[in-house]
Amino acid sequence: MMSADTQPSTREKVIAYVALCGFRLGLVAMVFLLAWVSTWVEVGTAGLIAGLLTVVVLGATAYEVFVSRKDRASLSYVIITSLAVAASIVLPLVGSAQFWPALTSTLIGAGLLTVFRKRIVSSGK
């Protein structure tokens, strides 16, 4: 059992990384399937969105597990990650009819995530 003062081992971090990535990539797959099945975008665009989201998920999770030294994500991390997710969804849609609705909804979602995450973190102190 780990005491409060010790850091998790590299093996524990790798296990946590694989578990988090598995769950989060499952969510990315659901976004891909939802965009494709609903015919909101073409399959190529849905694949591009899923690919960009995969890069963001893998990178953000790696930072969260291996680099961050806190139990909770900092506000700047939440903002940057939210904007990266928004960009992953919006950038492939530039020039299409879905661009403005996607931009508006992802920016609102990123803002709400940041506000609620900040409240949750500050109430836990």
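The following exchange explains the terms applied to this predicted model.

Me: What makes up the secondary structure of the chain?
Reply: The chain has 4 helices and 0 strands. Read from the N terminus, the order of the elements is α-α-α-α. Of the 125 residues, 26% count as buried.

Me: Why is Val 14 called partly exposed?
Reply: Val 14 has a relative accessible area of 38%. Buried would require under 20% and exposed over 50%. The value of Val 14 lies in between, so Val 14 is partly exposed. Val 14 is placed in helix α1.

Me: What makes Val 14 eligible for a patch on the surface, and which residues form the nonpolar patch?
Reply: A patch residue needs over 30% relative accessible area, and Val 14 has 38%. The nonpolar patch is formed by Val 14, Val 18, Tyr 63, Phe 66 and Val 67, which together have about 430 Å² of accessible area. Helices α1 and α2 each supply at least two of the residues in the nonpolar patch. The largest share, 3 residues, is that of α2.

Me: How do you know that Glu 64 and Arg 24 meet in a salt bridge?
Reply: Side chains of opposite charge can pair when their charged atoms come close. For a salt bridge, a side-chain nitrogen of Lys or Arg must lie within 4 Å of a carboxyl oxygen of Asp or Glu. The N to O distance between Arg 24 and Glu 64 is 3.1 Å, and the pair therefore counts as a salt bridge. Glu 64 belongs to helix α2 and Arg 24 to helix α1; the pair links distant parts of the chain, 40 residues apart. A search of the whole structure finds 1 salt bridge.

Me: Why are Glu 64 and Arg 24 counted as partly exposed?
Reply: Glu 64 has 27% relative accessibility, and Arg 24 has 23%. Buried means under 20% and exposed means over 50%. Both values fall in between, so Glu 64 and Arg 24 count as partly exposed.

Me: Is Thr 39 buried or exposed, and what is noted about its phi?
Reply: The relative accessible area of Thr 39 is 64%. Because the cut-off for exposed is over 50%, Thr 39 is exposed. Thr 39 sits in the loop between α1 and α2. Its phi is near 55°, a positive value in a residue other than glycine.

Me: Why does Trp 36 count as partly exposed?
Reply: Trp 36 has 43% relative accessibility. That value is neither under 20% nor over 50%, so Trp 36 counts as partly exposed. Trp 36 is a residue of helix α1. The C-alpha atoms of Trp 36 and Gly 47 are separated by 8.6 Å, and these residues are 11 apart along the chain.

Me: What lines the largest pocket?
Reply: The largest pocket has 23 lining residues, and those nearest its centre are Val 57, Thr 81, Ser 82, Val 85 and Leu 113. Two or more lining residues come from each of α1 (10–37), α2 (43–67), α3 (75–90) and α4 (99–123). Helix α3 gives the most, with 7 residues. The volume of the largest pocket is about 640 Å³.

Me: How many residues of each class are in the lining of the largest pocket?
Reply: The lining has 15 nonpolar, 5 polar and 3 charged residues. Val and Leu count as nonpolar, so Val 57, Val 85 and Leu 113 belong to the nonpolar class.

Conventions:
Residues numbered from 1 in each chain as written. Predicted model: local features only at pLDDT ≥ 70, side-chain atom pairs only at ≥ 80, totals over all residues. Heavy atoms only, no water. 1 Å grid on protein atoms, 1.4 Å probe; cavity = no way out; pocket = protein on both sides within 12 Å on 5 of 7 lines; lining within 4 Å. Points joined across faces, edges and corners; volume = space filled by probe spheres on them. Patch = residues over 30% accessible without salt bridge, like charges linked within 9 Å, V, L, I, M, F, W, Y side chains within 5 Å. Areas by Shrake-Rupley, 256 points an atom, 1.4 Å probe, with all protein chains shown as cover. Buried < 20%, exposed > 50% of the residue type's maximum accessible area, 1.4 Å probe, protein only.
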